[in-house]
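User: I am new to this structure. Please look closely at its surface, taking in the loops and patches found there.

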Amino acid sequence: MSNRKEPDAISARASDPLGPIVSSAHLASGASPSLSEFEFGLILVSHAFERWMVRCMAAAGVKDVSALDVLVLHTVNHRGRSKKLADICLVLNVEDTHTVAYAIKKLERLKLVKSGKAGKEKTVMITAAGEAACLTYREIREALLVRTIRSLGLEESMLHDVAQRMRALSGHYDQAARSAASL
């Protein structure tokens with residue numbers, strides 16, 4: 001029996017001549033190179049997802065909107081109930097409420113959402129045109145994205161697990177951001 005210790009996955013990856021695939025080697029040289037790999041993947045996915053949302057919505061007939069505008073529109077359409085600005089920001093984890101307020105105004109100008117009141121609070125609800133845009137977006141998404149992703153053989157349970165882990169990680173990033181703000 002040998003006393004030689006088998007390399008763990010991180011050591012094996014660190015000895016790989018290419019190293020981990022990251023955007024910032026100085027961050028990957030710390031205690032968790034895998035976290036740096038995750039963050040680089042997250043950067044690529046987030047930009048690709050934003051590009052996708054904008055282009056899919058344009059294909060659905062709604063041009064000149066930002067990724068945040070698309071997210072706000074889908075959030076307002078969610079479950080067919082009116083929403084308050086604070087609730088939209090909470091669901092989307094957006095701190096800068098003025099960016100969501102601007103998106104709502106833009107969507108109102110496009111007649112995709114309309115304002116209402118619940119007591120003294122302003123609410124936002126989907127219009128028929130906004131709902132139609134969301135349904136067309138869904139059809140395009142099913143045809144162009146869902147079909148190709150399903151062809152990869154990814155199980156729904158695997159995507160569900162990844163989504164749960166990403167939401168959990170978001171909490172850690174939020175807590176770290178709060179801690180960094182107090183330094």
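Analyst: Helices and strands are DSSP runs here, of at least four residues for a helix and at least two for a strand, and they are numbered from the N terminus. The model is a predicted one.

Arg79 is found in the loop between H4 and strand S1, which covers residues 83-84. The phi of Arg79 is near 60°, a positive value in a residue other than glycine. Most residues other than glycine have a negative phi. Arg79 counts as exposed because its relative accessibility is 61%, and exposed means over 50%.

Asp64 sits in the loop between helix H3 (33-59) and helix H4 (67-77). Its phi is also positive, near 60°, and Asp64 is not glycine. With a relative accessible area of 71%, Asp64 is exposed.

Now the patches. A nonpolar patch on the surface is formed by Leu42, Ile149, Leu152, Leu154, Met158, Leu159, Val162 and Met166, which together have about 640 Å² of accessible area. Helix H8, residues 156-181, gives the most to this patch, with four residues. Leu152 belongs to the loop between helix H7 (128-150) and H8. Leu152 is exposed because its relative accessible area is 63%.

Charge marks another patch: Lys105, Arg109, Lys117 and Lys122 form a positive one on the surface. Of these residues, Lys117 lies in strand S2, residues 113-118. Lys117 has 64% relative accessibility, so it counts as exposed.

Terms used:
Residues numbered from 1 in each chain as written. Predicted model: local features only at pLDDT ≥ 70, side-chain atom pairs only at ≥ 80, totals over all residues. Heavy atoms only, no water. Patch = residues over 30% accessible without salt bridge, like charges linked within 9 Å, V, L, I, M, F, W, Y side chains within 5 Å. Areas by Shrake-Rupley, 256 points an atom, 1.4 Å probe, with all protein chains shown as cover. Salt bridge = Lys/Arg side-chain N within 4 Å of Asp/Glu carboxyl O. Lys, Arg positive; Asp, Glu negative; His and termini not counted. Charge placed at Lys NZ, Arg CZ, Asp CG, Glu CD. Buried < 20%, exposed > 50% of the residue type's maximum accessible area, 1.4 Å probe, protein only.
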